[in-house]
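Me: I have a structure open and would like to learn how to read it feature by feature. Could you walk me through it?

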Amino acid sequence: MLKEFSYGAVIYKMFNAEPVFLLVKSNRSGRWGFPKGHTEKGENGIETAKREIFEETGIKDIVFIEGFREEDIYMIEGTLPETKGKETEKHSIYFLANALSEPSGSDQSEISEIKWCSIEEAVNILPFNNQQKVIKSAYKIIKKIGGENV
């Protein structure tokens with residue numbers, strides 16, 4: 001079976017003692033989701049997530065929260081040269097990251113909108129159950145640690 005891997009993060013910041021989450025809207029699909037993308041040569045998962053977060057939101061200052069790693073597996077028509085047009089198992093792996101700065105722009109060819117959302121709004125606009133489960137899991141961790149970086 002063909003497989004593709006992408007890495008990204010559930011990004012949050014604290015606002016009035018509650019986490020808000022940064023979602024991005026894809027130009028290609030028109031759907032809301034988390035910043036993520038394919039690994040480039042020599043990158044590990046965290047490095048890919050950092051690069052993708054910067055490319056899609058302009059955020060450079062982030063702190064990853066240890067111990068959070070969620071994987072969403074689903075079938076797609078492949079997008080990489082070696083999988084293009086073929087049924088492919090997609091693995092989207094998400095980390096949890098606290099944003100220490102605000103978005104400063106995005107790759108307009110990929111992302112049409114960026115916005116901060118409450119947990120309720122995020123769950124309502126994320127189109128897939130697996131994404132909703134990922135953000136709910138992130139919310140529980142953030143509440144457990146009190147939103148702090150460590």
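Reply: Happy to. Let's start with a helix and its packing: the buried residues of α1 pack against β1, β2, β4, β5 (62–64), β7 and β8 (111–117). Keep in mind that this is a predicted model.

Me: Which residues of α1 are buried?

Reply: Buried means under 20% relative accessible area. In α1 that label goes to Gly45, Thr48, Ala49, Arg51, Glu52, Ile53, Glu56 and Thr57.

Me: How do I read the span of α1 from its first C-alpha to its last?

Reply: The idea is to set the reach beside the value expected at 1.5 Å a residue. With 13 residues, α1 reaches 18 Å, close to the expected 18 Å.

Me: And what caps the N-terminal end of α1?

Reply: For a cap like this, look for a side-chain oxygen beside a backbone nitrogen. Here asparagine 44 does the capping, its side-chain oxygen lying 3.0 Å from the backbone nitrogen of isoleucine 46. Just after α1, look at the backbone of glycine 58, where phi is positive, at about 85°.

Me: Now a charged side chain. Is lysine 13 buried or exposed?

Reply: The test is relative accessible area, with buried set at under 20%. Lysine 13 has 18% relative accessibility, so it counts as buried. This residue is in strand β1 (residues 2–15).

Me: What does the side chain of lysine 13 pair with?

Reply: Glutamate 102: a polar contact of 2.6 Å joins the two side chains. Leaving aside residues up to four places away in sequence, lysine 13 touches Glu18, Pro19, Val20, Asn98, Ala99, Glu102 and Trp116.

Me: How would I read glutamate 89 in the same way?

Reply: Begin with its place, strand β7. Its relative accessible area is 19%, so glutamate 89 is buried. Its side chain is joined to that of histidine 91 by a polar contact of 2.7 Å. Beyond four places in sequence, glutamate 89 touches Met1, Leu2, Lys3, Glu4, Ile73, Tyr74 and Met75.

Me: Last topic: pockets. What is the volume of the largest pocket?

Reply: About 830 Å³. There are 29 lining residues, and the closest to the centre are Ser26, Arg28, Ser29, Lys36 and Lys90.

Me: Which element gives the largest share of that lining?

Reply: β6, with four residues. Among the elements supplying at least two residues each are β2 (18–26), α1 (45–57) and α3 (129–145).

Me: And what is the chemical make-up of the lining?

Reply: Sort the residues by class: nine are nonpolar, 11 polar and nine charged.

Technical notes: Residues numbered from 1 in each chain as written. Predicted model: local features only at pLDDT ≥ 70, side-chain atom pairs only at ≥ 80, totals over all residues. Heavy atoms only, no water. 1 Å grid on protein atoms, 1.4 Å probe; cavity = no way out; pocket = protein on both sides within 12 Å on 5 of 7 lines; lining within 4 Å. Points joined across faces, edges and corners; volume = space filled by probe spheres on them. Nonpolar A, V, L, I, M, F, W, Y, C, P; charged D, E, K, R; others polar. Buried < 20%, exposed > 50% of the residue type's maximum accessible area, 1.4 Å probe, protein only. Polar contact = N/O pair within 3.5 Å; in protein donor to acceptor, adjacent residues only side chain to side chain. Contact = heavy atoms within 4.5 Å. Expected span 1.5 Å × (residues − 1).
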